[in-house]
Every structure is written in C-alpha cells, then in structure tokens.
There are 2 protein chains.
Amino acid sequence: MMADDIKYMALAINEAKKAQRRDEVPVGAIIVRDGEVIAKAYNTREHGKNALHHAEIKAIDKACKRLGGWRLVGCTMYVTLEPCPMCAGAIVNARIERVVYGAHDHKAGAFGTMINLTDYPLFKPQIEGGVLETECAQLLSSFFKAKR
Amino acid sequence: MMADDIKYMALAINEAKKAQRRDEVPVGAIIVRDGEVIAKAYNTREHGKNALHHAEIKAIDKACKRLGGWRLVGCTMYVTLEPCPMCAGAIVNARIERVVYGAHDHKAGAFGTMINLTDYPLFKPQIEGGVLETECAQLLSSFFKAKR
C-alpha cells in the first residue's frame, strides 16, 4: 500500500455515496496523477439509462478529456469495487498504471477474483485490492439489503 | 450463420472503412434489432483522444440512447474484429444477445481467441466468429502494413 491510498480511497467512497443517494448501486472511482485528482465519478447506470455508465468508465472518459489523449500514463485509479471485465479492459486500454480497489467482486471481478486480466499478454497495471474493503463492501451490502 | 449475417457484416465493414479513411485502426460495428439497424459506429480512438472510443463502445452508447435503457434485449452486434475485454465486457453488461464478428484478434480477442468471457458465470451472448473474416482481416493488415 502507498502513503495516500487510504485518503484517496475515502474520496472514491464519497463518490459511491453520491450513487447511493440516487438509488444507484454504490460504486465510486477517482483518478489521480502526480497527487492531483483529475477525475471523479460514480455509477449512474439506471438514471443514465446506459450500460456503460459504471464509475470507472465515466472516470476514464473524464480523465481522457482532461488530459487530451487516450493514454492515461502515470495515473492511478481508486475504485470502491473490483472492476468488471468491461472496466478492467478499459483500464488496460487506457494504460492506467495502478489500480487500487476496495471490495472484491465475486460475481464479475476481473482483477483477480473471477478473471485476472493481468494474466494475459496485454498492458499490465499494478493491482492492489482490499483497501478500506469493509467500508466499501458495507455500502454495497446495505444497498442490496434495502432492495430486498 | 443466420440469413442476413453477410448483409449486416458488410455494413459493419462500411463503418470500418470510415475509420480507415480517417487513419484510425479500421474497425466498425453495427447493432441490429428486429431487422432494423439501430446504431452504427467506427473506431475513433486517435481523433477522439479517448481510450473508450472503440467501435463497439460507441455503438452500445448510441443504442442505449436510442432505446432509452441499459438493456439491449433482442439486439445483435456485428463487428469486424473480435471484441477486446473492454468491449466484450460492455456487450455482456448491455445484455446484447448475439455477437457476430469478422476477424479473430490474437492479441486481445475476448470471445474465444485469447480469453472467453462466456466461460464465466455472467450473461452469455451467443457468439459467431469468422463471418467475412478475409475482408475484415485484410482491412486491418493493409492498414498496419501502410503504417510500417
């Protein structure tokens, strides 16, 4: 773990709480470069009516616009839930160098839990899972409990 | 193979040629529902300056907007190149029911060649690869030959 991982994951959790307040599955993501937060986003699949509107995809879209290119060199993503194949693939395609995630995803996690995209001969970001895992997982479990 | 697969793949090739004319890696995609083309798109990663701007992602974004929801039920995607993990994951997330692709992707193909997302306990679209493969692959090989 690196020095500011907890601080940045807390910002991603903040984003996840925005999703929760809008009755969306509470997942949040931020992208940091050289100590600066360059993108923040949360899941809006239902209100956005769009399968692409996961937190990670929205954050990558913002970061590409902010940096003016498709290669997010030197960037770290903090995300409250392990990325699904779509998001993990987008992270690889965008050359994000490091990914720190909170809760493991036993259904669709694509950075080690269900699949591991870093097993393949593609660009390999450095992955660290389980940071503030309890807080991140609790947001999700209380959301789904309230739904039942 | 189904009756109109060749006809629709030819439309996807048309999209790929638009990418080629703009000096983008020539990949095109269309989405069809009930015999109607509801989205057409081509890769614009370089000019769009965005890692998400693969043909499939752009087509899914258009189709979600067109249909007003994130579930692309009853939809078939035709794409000239086997989807990468990001795009294959987006197809699964969007519940696209059938995917017909042209050329196999030996570097990043995620519907059978390098990974197979349908091996995992996620939504499983029906996959058919190799339709107009020679034409689709030739577009790509002549693009990369010209680049060298």
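Across the interface of chain A and chain B in this predicted model, four residue pairs turn up in polar contact, both partners at pLDDT 80 or more. Salt bridges, on the other hand, don't feature there: the count between the two chains is zero. On the side of chain A that touches chain B, the elements giving two or more residues are helix 2 (45-48), helix 3 (55-67) and helix 4 (85-93) of chain A. Helix 4 of chain A has the largest share of that side, with five residues.

As for the extent of the contact, chain A puts in 29 residues and chain B puts in 29 residues. About 2400 Å² is buried between the chains, and carbon and sulfur atoms give 69% of this area. Three residues stand out on the chain A side: Leu52(A), Trp70(A) and Asn93(A) supply 23% of the area that chain A buries against chain B, more than any other three residues.

Then there's the symmetry. A turn of 180 degrees, with a shift of 0.0 Å along the axis, lays chain A on chain B with an RMSD of 0.0 Å. The two copies are therefore related as by a two-fold rotation axis. In chain A, Met86(A) has the C-alpha nearest that axis, 2.0 Å from it. Both copies use the same surface, and 100% of the contact residues of chain A recur in chain B.

Salt bridges do show up elsewhere, with 15 counted over all chains. One of them joins the side chains of Lys147(A) and Asp23(A), at 3.0 Å from N to O. Lys147(A) sits in helix 5 (residues 133-147) of chain A and Asp23(A) in the loop between helix 1 (5-21) and strand 1 (28-33), so this pair ties together parts that are 124 residues apart in sequence. Lys147(A) is partly exposed at 47% relative accessibility, and Asp23(A) is partly exposed too, at 43%.

In chain B, Asp5(B) and Arg98(B) form a salt bridge with their closest N and O atoms 2.7 Å apart. Here the link runs from helix 1 (residues 5-21) to strand 4 (residues 98-103) of chain B, 93 residues apart, and both Asp5(B) and Arg98(B) are buried. A more local case is Asp61(B) with Lys65(B), at 2.8 Å; both lie in helix 3 of chain B, four residues apart, about one turn of the helix. Lys65(B) is exposed, at 60% relative accessibility.

Nonpolar side chains tend to be buried together in soluble globular proteins. In this model, the largest nonpolar core has 106 residues, of which Ile31(A), Ile60(A), Ile31(B) and Ile60(B) touch the most other members. Leaving aside residues up to four places away in sequence, Ile31(A) touches a set including Val37(A), Ile60(A), Leu72(A), Met77(A) and Ile96(A).

Notes:
Residues are numbered from 1 along each chain as its sequence is written. Chains are lettered from A and ligands numbered from 1 in the order in which they are written. This is a predicted model: local features need pLDDT of at least 70, side-chain atom pairs count only at pLDDT 80 or more; totals for chains, interfaces and linings use all residues. Side-chain values use heavy atoms; hydrogens and water are left out. A nonpolar core is a set of buried Ala, Val, Leu, Ile, Met, Phe, Trp, Tyr and Cys residues joined through side-chain atoms within 4.5 Å. Buried means under 20% relative accessible area, exposed over 50%, partly exposed in between (1.4 Å probe, protein chains only). Contact means heavy atoms within 4.5 Å. Copies are superposed by least squares on the C-alpha atoms of residues with pLDDT of at least 70 in both. Buried area is the accessible area (1.4 Å probe) that two parts lose on being put together, summed over both. A salt bridge is a side-chain nitrogen of Lys or Arg within 4 Å of a carboxyl oxygen of Asp or Glu. A polar contact is a pair of N or O atoms within 3.5 Å; within protein, one must be able to donate a hydrogen and the other to accept it, and residues adjacent in sequence count only if both atoms are side-chain atoms.
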